[in-house]
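Reader: I have a structure to look at and do not know how to read its features. Please take me through a few of them.

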Amino acid sequence: VAGAGGAAEVKAQGAFDRVDLAPLLADLGRSRWVTGQASGQFMLEGGGQSAAEIVRQTSGRTSVTVRQGALVGVGLTDFIKRVEKRPLAASMEWKGGRTTFDLAQVTLNVANGIGEVSDATLTSPSLRASLHGQVSLVERAVALRAHVDPTPNPTQSPLVVFDVSGGFDDI
């Protein structure tokens with residue numbers, strides 16, 4: 001952190017390895033919506049006369065990889081099975097459950113407080129998913145589109161596409 005003329009310039013970079021996400025989220029007072037061992041790196045910088053202005057000016061890049069984890073509260077594997085059997089009724093039943101995965105990766109390129117998801121994938125033995133869209137640090141919100149394919153033969157089953165949006169506290 002450096003100051004000049006009433007403004008602050010903030011530069012942060014770091015890396016982490018084998019972070020157990022569920023206890024970390026609990027320690028931060030957040031819900032345990034994802035579990036697994038995370039590794040990653042980040043490099044962010046911004047400047048301004050207030051915290052809000054610094055966030056609006058933030059630029060950089062971050063990447064995170066999570067191994068052997070689960071999404072809690074979203075049962076995509078069961079949802080894919082229901083879509084194959086009852087396509088119209090399945091769209092109402094995607095919340096709840098767990099989606100276990102072998103590997104999840106996300107790369108976020110940030111410019112002017114907006115993170116563009118350049119690469120985000122989740123793989124498990126029963127499905128493959130990808131995310132595209134934006135994360136607004138300024139608005140503390142996400143606007144993403146998820147593409148979910150059953151594996152190993154995505155051409156034989158329907159592709160499911162849905163939006164993931166909302167504020168950080170209510171996605």
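Author: Start with three residue classes: Ala, Val, Leu, Ile, Met, Phe, Trp, Tyr, Cys and Pro count as nonpolar, Asp, Glu, Lys and Arg as charged, and the others, Gly among them, as polar. This is a predicted model. In its largest pocket, the lining residues divide into 36 nonpolar, 7 polar and 5 charged.

Reader: How is such a space found, and how much space lies in the largest pocket?

Author: Rolling a probe the size of a water molecule over the atoms shows where empty space is left. Here the largest pocket holds about 2,200 Å³. It is lined by 48 residues, and W33, V34, V106, V142 and I171 are the closest to its centre. The elements giving two or more residues to the lining include helix 1 (21-27), strand 3 (34-48) and strand 9 (160-167). Strand 4 contributes the most, with 7 residues.

Reader: Which residues have the most contacts inside the largest nonpolar core?

Author: A nonpolar core joins buried nonpolar residues through side-chain atoms within 4.5 Å. The largest one has 17 residues, and V34, V66, F101, L122, L127, V148 and V160 have the most contacts inside it. Helix 3 gives the most to this core, with 4 residues. Another core, of 7 residues, lies apart from it and includes L108, V117, V142 and L144. As for V34, its contacts beyond four places in sequence are L21, A22, L25, A70, L71 and F101.

Reader: Is S124 buried or exposed?

Author: Buried means under 20% relative accessible area. S124 has 9% relative accessibility, so this residue counts as buried. S124 sits in the loop between strand 6 and strand 7. Setting aside neighbours within four places in sequence, S124 is in contact with T100, F101, D102 and T151.

Reader: What does Q37 touch, leaving out residues up to four places away in sequence?

Author: Q37 touches R18, V19, D20, T65, V66 and R67. Q37 lies in strand 3 and is partly exposed, with a relative accessible area of 34%. Sequence distance and distance in space are separate things to check: Q37 and R67 are 30 residues apart in sequence and 5.3 Å apart in space, C-alpha to C-alpha.

Reader: Which element has the lowest mean pLDDT?

Author: Where pLDDT is low, the predicted coordinates should not be read in detail. Among the elements of this chain, helix 4 (residues 87-90) has the lowest mean pLDDT, 59, and strand 3 the highest, 96. The chain as a whole has a mean of 88, with 90% of its residues at 70 or more.

Terms used: Residues are numbered from 1 along each chain as its sequence is written. This is a predicted model: local features need pLDDT of at least 70, side-chain atom pairs count only at pLDDT 80 or more; totals for chains, interfaces and linings use all residues. Side-chain values use heavy atoms; hydrogens and water are left out. On a 1 Å grid over the protein atoms alone, a cavity is a set of points where a 1.4 Å probe fits but cannot get out, and a pocket is an open set with protein on both sides within 12 Å along at least five of seven lines; lining residues have an atom within 4 Å of a point. Grid points are joined across faces, edges and corners, and a volume is the space filled by probe spheres set on the points. Buried means under 20% relative accessible area, exposed over 50%, partly exposed in between (1.4 Å probe, protein chains only). Contact means heavy atoms within 4.5 Å. pLDDT is the predictor's confidence in each residue, from 0 to 100.
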